Amino acid sequence: MTDNLAVEFDDNAVLARLLGEFDAHLALIEDRLGIVAVPRGNLITLSGPQASCETARAVLLELYDRLEDGGDITAGDVDGAIRHAAQADANPDARPAGKRRPMTSAHGGKRGDASGHGKSGAAQIKTRKRQITARTPMQSDYIRALEQTDLVFGVGPAGTGKTYLAVAFAAAQLEKGLTDRLILSRPAVEAGERLGFLPGDMRDKVDPYLRPLYDALYDVLPPEKVEKGLETGVIEIAPLAFMRGRTLADSVVILDEAQNCTTMQMKMFLTRLGENAKMIVTGDPSQVDLPPGQQSGLRDAMRVLDSEEQISIVRFAEGDVVRRELVARIVAAYDRAEKAGNG
């Protein structure tokens, strides 16, 4: 069934930002949803299948509200709003795909919600420097898991945002005074032996391994705040090999590239969890760099802890890749090749 919908907006200046340069954002909505969208004055007329027009309307209103509230949008944000709205329209009563993560209602208010979730259900993380909005429904599940659970595993292919969102969430907790420290850790694949051969102090030695975490930190926090945090120990770089014997309390602790932990390293790390602390473990089980014959601690932990309460395991897939479409196709091609080889 075809339909025609007219969507009216109050502020033409905000509407111009919504449309994007040369109406690029509107063209993306047209292409993704198979509709025709014609802007005229403060109206956008949508023509096409009824369900697609309704989804386009929800996307436009969601993004308009975000701009009215002082935010900004990119093509990635438009794509994310489409993904969320499409899922909400297809199954509005669906529970999150991850385990033990109750979904809070994102509807109500004007067209969005003051709780940090828009009408489409997209979860958000806010720091002083920027506001990060989930670009896929699974990213929203992940952010909600981080809010509600003290131990969260975020696993899946590269480009799904699992590490970036973990760092953004931790930075927001730090800025709000909800945690005292941010601790970043990542295994050196050779179990730490080569750290001693690198020049400089401990930060210099582990920088090559932790660069993706640094990049995310500087993206969500002002540079001077990051540097001050590193100097005072509020932001701590802690190689996995040096975690033994510690109790990590009043902290948000991130273990990145956890697929390269051994089973003993993973058990040691998880048992460091102290009072008023959160742990976030991220990794890609398909990219294990351990020597042949050694089992990945990440895979083992997900198997052992799969049925435990108060633990969230969020599994991203190739459809959650947001870095760029080519990355999603690369992941899919490798998955097909692996399945063919196993078959």
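User: In this predicted model, is Cys261 buried or exposed?
Analyst: The label depends on relative accessible area, and a residue counts as buried when that value is under 20%. For Cys261 the relative accessible area is 0%, and Cys53 likewise has a relative accessibility of 0% and counts as buried. Cys261 is therefore buried.

User: How many disulfides does the model contain?
Analyst: A disulfide requires a pair of cysteine sulfur atoms within 2.5 Å. When that rule is applied, the count of disulfides comes to 0.

User: Which residue offers its backbone oxygen at 3.1 Å from a polar atom of the side chain of His25?
Analyst: His25 is found in helix H2, which covers residues 24-33, and with a relative accessible area of 11% this histidine is buried. Leaving aside residues up to four places away in sequence, His25 touches several residues, including Arg17, Ile73 and Val78. The backbone oxygen that lies 3.1 Å from a polar atom of the His25 side chain belongs to Leu18.

User: How many residues apart in sequence are the parts that Arg66 and Asp77 tie together?
Analyst: Arg66 and Asp77 form a salt bridge in which the closest N and O atoms are 3.8 Å apart. Arg66 lies in helix H3 (residues 50-68) and Asp77 in helix H4 (residues 75-90), so the parts that this pair ties together are separated in sequence by 11 residues.

User: Is Arg135, the salt-bridge partner of Asp77, buried, partly exposed or exposed?
Analyst: Asp77 forms a salt bridge with Arg135, the closest N and O atoms being 3.8 Å apart. Asp77 lies in helix H4, whereas Arg135 lies in the loop between strand E5 (131-133) and helix H5 (137-148), so the pair ties together parts that are 58 residues apart in sequence. Asp77 is buried, with a relative accessible area of 11%, but Arg135 has a relative accessible area of 25% and is partly exposed.

User: What is the relative accessibility of Asp256, which forms a salt bridge with Arg186?
Analyst: The closest N and O atoms of Arg186 and Asp256 are 3.5 Å apart. Arg186 lies in the loop between strand E7 (181-185) and helix H7 (202-220) and Asp256 in the loop between strand E9 (251-255) and helix H9 (263-270), so the pair ties together parts that are 70 residues apart in sequence. Arg186 counts as buried at 14% relative accessibility, and Asp256 also counts as buried, its relative accessibility being 3%.

Notes: Residues are numbered from 1 along each chain as its sequence is written. This is a predicted model: local features need pLDDT of at least 70, side-chain atom pairs count only at pLDDT 80 or more; totals for chains, interfaces and linings use all residues. Side-chain values use heavy atoms; hydrogens and water are left out. Buried means under 20% relative accessible area, exposed over 50%, partly exposed in between (1.4 Å probe, protein chains only). Helices (H or I, at least four residues) and strands (E, at least two) are DSSP runs, numbered from the N terminus. A polar contact is a pair of N or O atoms within 3.5 Å; within protein, one must be able to donate a hydrogen and the other to accept it, and residues adjacent in sequence count only if both atoms are side-chain atoms. Contact means heavy atoms within 4.5 Å. A salt bridge is a side-chain nitrogen of Lys or Arg within 4 Å of a carboxyl oxygen of Asp or Glu.
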